Amino acid sequence: MAKFNDTPVLPRPVEALPEYAHAAARKTLADKLAEAFGLSRGAATAIANAVVDPSSVRKSIGEPSDPNAERIAVPGGELLGIRTPVWARKAMPDARNPRTLPSRRHPFAIDPGAGKEDSKFRPVPEPRTPDGVPRSTAELVVDLESRHHLIWASEQAKSYVLANNDWRESIRTQGVMEAVWLVATTYRHADDSDPVTVLTSAEGSSRLTADHDILGIRSADIPYEDADAKFRAHIRRLNDALQAGETSPEDQAVMRCERVPALVIVGFVPHDAGQTGFATGFPTALKSLVALRHVDPPTPWGEGPENESLADEVLDELERRKLITPTQAAYYAGSVTKEEARAAHLSDDPARRAADIVRLLTNPEPHFREAIRIAVTSQSTRKNVNQGLLNSLATALILRAVVEDPARHDQVRRYLRKGFGKAVHAGDWAPTGRDTDALAAAALDEVRAAMTAGRADEPGPSTLELAVRSALPLVIDGRLSGDRGTANNLQPDRRTPAEVLEAMRQTTQGVQQLAQALRDHAAGRPIRVVDELGAVALNQDGSERIVTDTYLRGEFPPPGKSKSQRPGDTPADRFHNSTAVLAAAMDAVAAAFEALGNVVGDDGRPMVDVKGVDTRDCKAWRDLLDRMDEEFVVWSRTFRRVHEVDSTPPTPAAAELDDVDDENDSPDAEQDILDEVE
């Protein structure tokens, strides 16, 4: 079954492209733009040539004496804009993309042409108002050394954008969805080449750069090319293939990218300088508009609000597709009271509700996965619908049932989203609604049966459900943490909460502890430590021992790792501590073995490959390991026999696993060892 992050964003349907407007329609629009907004002939023509439907834009302008345009307030006045689709091949991204500003090489630091490719030319200068026109005219001019200067700057900007703000995956499947802001810009050349005028992005350069890359065109060539007949033939070929049902995926991506929504800036109405004390020109006003988007934008929602919004959208989509009922959607959203939940035959237990939500968002059925993908990509085409995001969405919904101290809310959210691991996402389990005692009893049976069958790494679905339920009380009560410090500190255990829970559900003591967490949390008391029989553990002073993150990590380590030492001196304590010492010693042996093999000689080869190790030492070590191996087989068999479920006889598969030590032994090897020992 495909993973979420292997599934592409649902593509936007492709539709036929309109024909490129005839010269007469474009000229008529250019005339009206020039008359209504005082634009130069070159600027008006550049806009008219880029607009997909010139006649529609011409009608929307109204009368030149009182033109209609969107008015956008900026410091110093109002910008006038027209929203309309434009042909991507008739507009270019700003070669001065502000994202590249920190990486530019300036002449004072290095002479142009004297260094690497990134300093071949001077940086493209700031655009300014053309000579001889009012500073309020909505046009810009940029002085270049040559056409090659623009090509160089454009390619430098493209390389930076695609490496640091790449929109191609999203735009390939969706097209550009948010309007780019365009302004007519004239490029003048110091080598006496003719000036060229083209719509250039003031905002949206990254999107337009990605769009051009998908179209397979070089952005800097746009001002210099005028191949209308070729463009019309290109559109005709795409439309013919679409009508015949023969469009390739690449052609479909191109058809989505040929047009982009745009806000074309056509005018500027400055405030009266007598009232404000200063006069703002069009270049400054345009920078102000862009700054409101990038320099001083609204405060981002942040991860928490983003996930809340996405989670609500997921519930809406699941309800719309009738995969959940309206009552269930309200329940998962936390919009019903506990009394209303009980009346609807839904659990009022936050832990059971949490398990329902986790399984809802990790449901492996394709129709559930598709609904979740559609919901997420409808709000963000650049979010990967992977395990981490699903955990975050589940956490957002789960915590709506919890009244948490605002100071701890973000911490709890960060820890809980790490509480559901691969087994939860891939496992074959479902919320059963059983009470804690019934679920714990079933989980204990699964663990014992798994031990008997020699497959303790995956006990069964009841243990998974128990672990998912227990994550909520352990995390919100502060008994299981997710932040284990920085990468270079001395913290010995960097497991996520999910990995700790995974280790717990594979042992009888761990199952008992998970169940106790649910019982104590429901009773409103601190979670207490229990042994493998479920009895509450006591401290040396007779008080009940309380669970901590350190205790859980020490008591339930990864397989083969040593448990934490116990302070008592009973036979059980000494046995436990001796087991921990042996586990630590085995870790040390493994580390020493690896270290010896990694000693490299002067010739670069491992020393053990050159000199070997004394035969007598190797024989003594092998004899010791053989003797230990024999004992390990006996101890393992005894452990399985002690924990065997009397009411559940081993299946043929379990019996076979019980008789096979590993792939290098014969099926009777373990029994042979037992016979020899006996």
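**Exercise 1. Determine which backbone nitrogen a side-chain oxygen of Asp435 approaches at the start of α19.**

Solution. At the start of α19, a side-chain oxygen of Asp435 comes to within 3.2 Å of the backbone nitrogen of Asp437. The model is predicted, so local features need pLDDT of at least 70, side-chain atom pairs count only at pLDDT 80 or more, and totals for chains, interfaces and linings use all residues. Residues are numbered from 1 along each chain as its sequence is written, and side-chain values use heavy atoms, with hydrogens and water left out.

**Exercise 2. Compare the expected span of α19 with the distance between its end C-alpha atoms.**

Solution. The expected span is 1.5 Å times one less than the number of residues. For the 18 residues of α19 this gives 26 Å. The end C-alpha atoms are 25 Å apart, which agrees. Just after α19, Gly454 has a positive phi of about 75 degrees.

**Exercise 3. Establish whether Gly427 is buried or exposed, and locate its contacts.**

Solution. Gly427 lies in the loop between α18 (422-426) and α19 (436-453). Buried means under 20% relative accessible area, exposed over 50%, and partly exposed in between (1.4 Å probe, protein chains only). Gly427, at 16% relative accessibility, therefore counts as buried. Leaving aside neighbours within four places in sequence, Gly427 is in contact (heavy atoms within 4.5 Å) with Arg359, Lys422 and Leu464. Gly427 and Pro461 are 34 residues apart in sequence, yet their C-alpha atoms are 7.4 Å apart in space.

Notes. Helices (H or I, at least four residues) and strands (E, at least two) are DSSP runs, numbered from the N terminus. A polar contact is a pair of N or O atoms within 3.5 Å; within protein, one must be able to donate a hydrogen and the other to accept it, and residues adjacent in sequence count only if both atoms are side-chain atoms.
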